[in-house]
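Student: I would like a close look at one part of this model. Please take the place where two neighbouring helices meet, and then show how that part sits in the rest of the chain.

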Amino acid sequence: MDWDNVRVLLAVARAGQFVAAAKRLKVDHATVSRRIAALEAALGAKLIDRRTTGATLTGAGERFLGAAEEMESAFLHAQGEISGVDLELVGDVRIGAPDGFSTYYLTGSLRDFSERHPGVRLQLMPLPQLTPLARREVDVVDGLDKPEEGRFVARKLTDYTLGIYASRAYLERRPAPADASSSPGRRPASNAPAP
């Protein structure tokens with residue numbers, strides 16, 4: 001198995017498109033297509049579905065991706081050991097997160113990360129749900145729900161609660177919502193539509 005073909009598969013899986021992968025690898029689109037075809041022939045399995053909206057991994061592609069990432073990790077580790085230097089982190093990382101979390105927490109943390117790793121370009125994307133993760137539109141997700149399926153590594157960061165807040169002036173004009181727990185059949189206040 002040719003490592004260069006595996007490297008191309010990783011680029012396509014991460015970019016979600018042959019053209020974008022070719023751009024990252026600084027080769028032409030035909031080379032990417034040819035290398036994916038060679039890898040699929042070597043493995044005897046279709047790894048990528050080509051669609052007008054992009055490229056997605058098949059079931060076999062998803063299973064092979066883990067092995068491909070391990071190969072990449074071993075290769076980079078060996079390269080670092082031989083050269084005797086730490087390899088610099090480089091590349092694009094797309095992070096999806098809800099707007100509020102992005103604005104009030106992530107931006108400060110990402111600034112510190114960018115200063116430590118200037119070769120990494122971070123793209124912060126507003127993310128109301130997990131669907132783009134399954135389509136590989138983002139690399140990292142900070143979300144409210146743990147993904148139920150797919151090959152993801154998930155870790156709980158913290159507990160999260162919602163509340164409704166109002167100024168005293170507002171409450172003088174309008175009554176506070178009733179506590180849902182004390183009134184059967186009422187929806188929780190946190191789900192009430194905004195006035």
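Tutor: What follows starts with the whole chain, moves to the contact of two helices, and ends with parts further along.

This is a predicted model. The chain averages a pLDDT of 78, and 81% of the residues score at least 70. Its secondary structure comes to seven helices and five strands, and in sequence order the pattern is α-α-α-β-β-α-β-α-β-α-β-α. Of the 195 residues in the chain, 23% are buried.

The part to look at is the contact of α2 with α3. Among the elements of the chain, α3 has the highest mean pLDDT, 94. The axes of α2 and α3 come within 8 Å and cross at roughly 105 degrees. Angles of 65 to 115 degrees count as roughly perpendicular, so α2 is roughly perpendicular to α3.

Which residues meet there? From α2 come Phe18, Val19, Ala21 and Ala22, and from α3 come His29, Val32, Ser33 and Ile36. By class, this contact of α2 with α3 has six nonpolar residues, two polar ones and no charged ones.

Val32 is a useful residue to follow from here. Setting aside neighbours within four places in sequence, Val32 is in contact with Phe18, Ala21 and Ala22, and also with Val8, Val12 and Val27. Val32 also belongs to the largest nonpolar core, which has 21 residues. Leu9, Val12, Phe18, Val32, Ile36, Ile48 and Phe64 are the residues with the most contacts inside that core. At least two core residues each come from α1 (3-15), α2 (18-25), α3 (29-43), β2 (54-57) and α4 (59-83). The largest share, eight residues, is supplied by α1. In soluble globular proteins, nonpolar side chains tend to be buried together.

Between α2 and α3 runs a loop, and Lys26 is found in it. What is the phi of Lys26? The value is positive, about 60 degrees, although Lys26 is not a glycine. Most residues other than glycine have a negative phi. Lys26 has a relative accessible area of 77%, so it counts as exposed.

Now for the parts further along the chain. Of the contacts with a separation of 6 or more, 56% join residues 24 or more positions apart. Asp139 lies in the loop between α6 and β5 (140-141). Asp139 and Ala15 are 124 residues apart in sequence, yet their C-alpha atoms are 9.6 Å apart in space. Leaving out neighbours within four places in sequence, Asp139 is in contact with Arg14, Asp92, Val93 and Arg94. Its relative accessibility is 34%, so Asp139 counts as partly exposed.

Val153 is in the loop between β5 and α7 (168-173). With a relative accessible area of 88%, Val153 is exposed. Its C-alpha atom is separated by 9.7 Å from that of Val140, 13 residues away along the chain.

Some parts call for caution. Helix α6 (residues 131-134) has the lowest mean pLDDT among the elements of the chain, 54. Over residues 180-195 the pLDDT is below 50, and this stretch has 13 contacts in the model beyond near neighbours in sequence. Where pLDDT is low, the predicted coordinates should not be read in detail.

Methods. Residues numbered from 1 in each chain as written. Predicted model: local features only at pLDDT ≥ 70, side-chain atom pairs only at ≥ 80, totals over all residues. Heavy atoms only, no water. Core = buried A, V, L, I, M, F, W, Y, C linked by side-chain atoms within 4.5 Å. Buried < 20%, exposed > 50% of the residue type's maximum accessible area, 1.4 Å probe, protein only. Helix = DSSP H or I, 4+ residues; strand = E, 2+ residues; numbered from the N terminus. Contact = heavy atoms within 4.5 Å. Axes fitted to C-alpha atoms, helices over the stretch in contact; angles between N-to-C directions. Parallel < 35°, antiparallel > 145°, perpendicular 65-115°, else oblique. Nonpolar A, V, L, I, M, F, W, Y, C, P; charged D, E, K, R; others polar. pLDDT = per-residue confidence, 0-100.
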